[in-house]
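Student: Please take a close look at one part of this model, the largest nonpolar core, and then place it among the salt bridges and the pocket around it.

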Amino acid sequence: MIELEGVPDLVDPVVVAAFEGWNDAGEAASGVITHLESVWDATPIAELDPDDYYDFQVTRPMVEMIDGETRGITWPTTRISRARLPSGRDVVLIHGIEPNMRWRSFCREIVDKIHELGAQEVVLLGALLADAPHTRPVPVTGAANDTAMVTDLDLEPARYEGPTGILGVLQDACAKAELPTVSLWAAVPHYVAQPPSPKATLALLRRVEDLLDVAVPLGELPEEARAWENGVNELAEEDSEVAEYVRTLEEQKDATELPEASGDAIAREFERYLRRRDAG
């Protein structure tokens, strides 16, 4: 771990993490971290040594202009930053690229840093491609390794079996380290998989608001989500087969999730509105 600067004692810190690559359809999850780093004015505190975890022929470093005058190298790695909320609570943001090798060592190093910072809760963000219509609210599913969190957040215990990415390995490492961890996954329509996917980013961001009980400044994200949906609508109108496929997905979605349009879902949305109004 490369320390960038001294870290003061943190106040009730919570970790929010996302990794680019296999776990990040449409860059929706990493988009949340990028947004939070910006609106919360996060300060970098550490990064992992890229030589330990990345194959630079697979995940290549980038040449970039610095201050528009000189060129420099940006190495693929995982960076850790810290933000202080208006409430006084600290949030540790982890923004990385899925490593190419030594995943178990990578996760041990992350977990050790989480313990060192005193965090007692971890939120992992991911996004996957799914048969979801772009015209409907983005589904966000979740899983937790703590029974109490499953109950409190109204989540289903994870039942997935199959290939996993660094997010799944990190969640397992956190569970073995007895760190309460929840993972949230946004479903990105597979027929518009190219990034960015602002509607999915916004859906994940709203669940982060619920988890942390904090209003996050949304900036231009809602408008970008509307523009994205309108753009996909225009593309679908130009192709009758795509338009018909979207209508089929809409019918399936409406038939299976209509009950969610009442009760707890409405109450959660109203509470979210009140928090944002008070923050404003």
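**The largest nonpolar core and its surroundings**

Tutor: In this predicted model, the largest nonpolar core has 38 residues, and the members that touch the most others are Trp40 and Leu125. At least two residues of this core come from each of the strands β2 (14-20), β7 (90-97), β8 (122-130), β9 (140-144) and β10 (181-189), and from each of the helices α1 (28-39), α5 (198-212) and α6 (221-237). Helix α5 contributes the most, with eight residues. Leaving aside residues up to four places away in sequence, Trp40 touches Ala83, Leu85, Val91, Leu212, Val214, Val216 and Pro217. A second core of 27 residues is separate; among its members are Ile45, Tyr53, Leu167 and Cys174. In soluble globular proteins, nonpolar side chains tend to be buried together.

Several of the elements that supply the core also take part in salt bridges, of which the structure holds nine. Lys199 pairs with Glu229, with 2.8 Å between the closest N and O atoms. This pair links helix α5, where Lys199 lies, to helix α6, where Glu229 lies, across 30 residues of chain. Lys199 has a relative accessible area of 14%, so it counts as buried. Within helix α6, Glu223 and Arg226 form a salt bridge at 3.0 Å, N to O. These two are three residues apart, and therefore about one helical turn separates them. Both are partly exposed, Glu223 with a relative accessible area of 43% and Arg226 with 47%.

Another salt bridge joins Glu121 and Arg89, with the closest N and O atoms 3.9 Å apart. Glu121 is in the loop between α2 (103-117) and β8, while Arg89 is in the loop between β6 (78-84) and β7, 32 residues away along the chain. Arg89 is buried, at 18% relative accessible area. Asp12 belongs with Arg89 and Glu121 to a network of salt bridges.

Strand β7, one of the core's suppliers, also gives the largest share of the lining of the second largest pocket, three residues. That pocket has a volume of about 300 Å³. Its lining has 14 residues, and those nearest its centre are Glu20, Thr74, Trp75, Arg79 and Ile97. Four of the lining residues are nonpolar, five polar and five charged.

Finally, Gly21 lies in the loop between β2 and α1. Its C-alpha atom is 5.9 Å from that of Glu98, although the two residues are 77 apart along the chain. Gly21 is partly exposed, with a relative accessible area of 48%.

How values were computed: Residues numbered from 1 in each chain as written. Predicted model: local features only at pLDDT ≥ 70, side-chain atom pairs only at ≥ 80, totals over all residues. Heavy atoms only, no water. Core = buried A, V, L, I, M, F, W, Y, C linked by side-chain atoms within 4.5 Å. Buried < 20%, exposed > 50% of the residue type's maximum accessible area, 1.4 Å probe, protein only. Helix = DSSP H or I, 4+ residues; strand = E, 2+ residues; numbered from the N terminus. Contact = heavy atoms within 4.5 Å. 1 Å grid on protein atoms, 1.4 Å probe; cavity = no way out; pocket = protein on both sides within 12 Å on 5 of 7 lines; lining within 4 Å. Points joined across faces, edges and corners; volume = space filled by probe spheres on them. Nonpolar A, V, L, I, M, F, W, Y, C, P; charged D, E, K, R; others polar. Salt bridge = Lys/Arg side-chain N within 4 Å of Asp/Glu carboxyl O.
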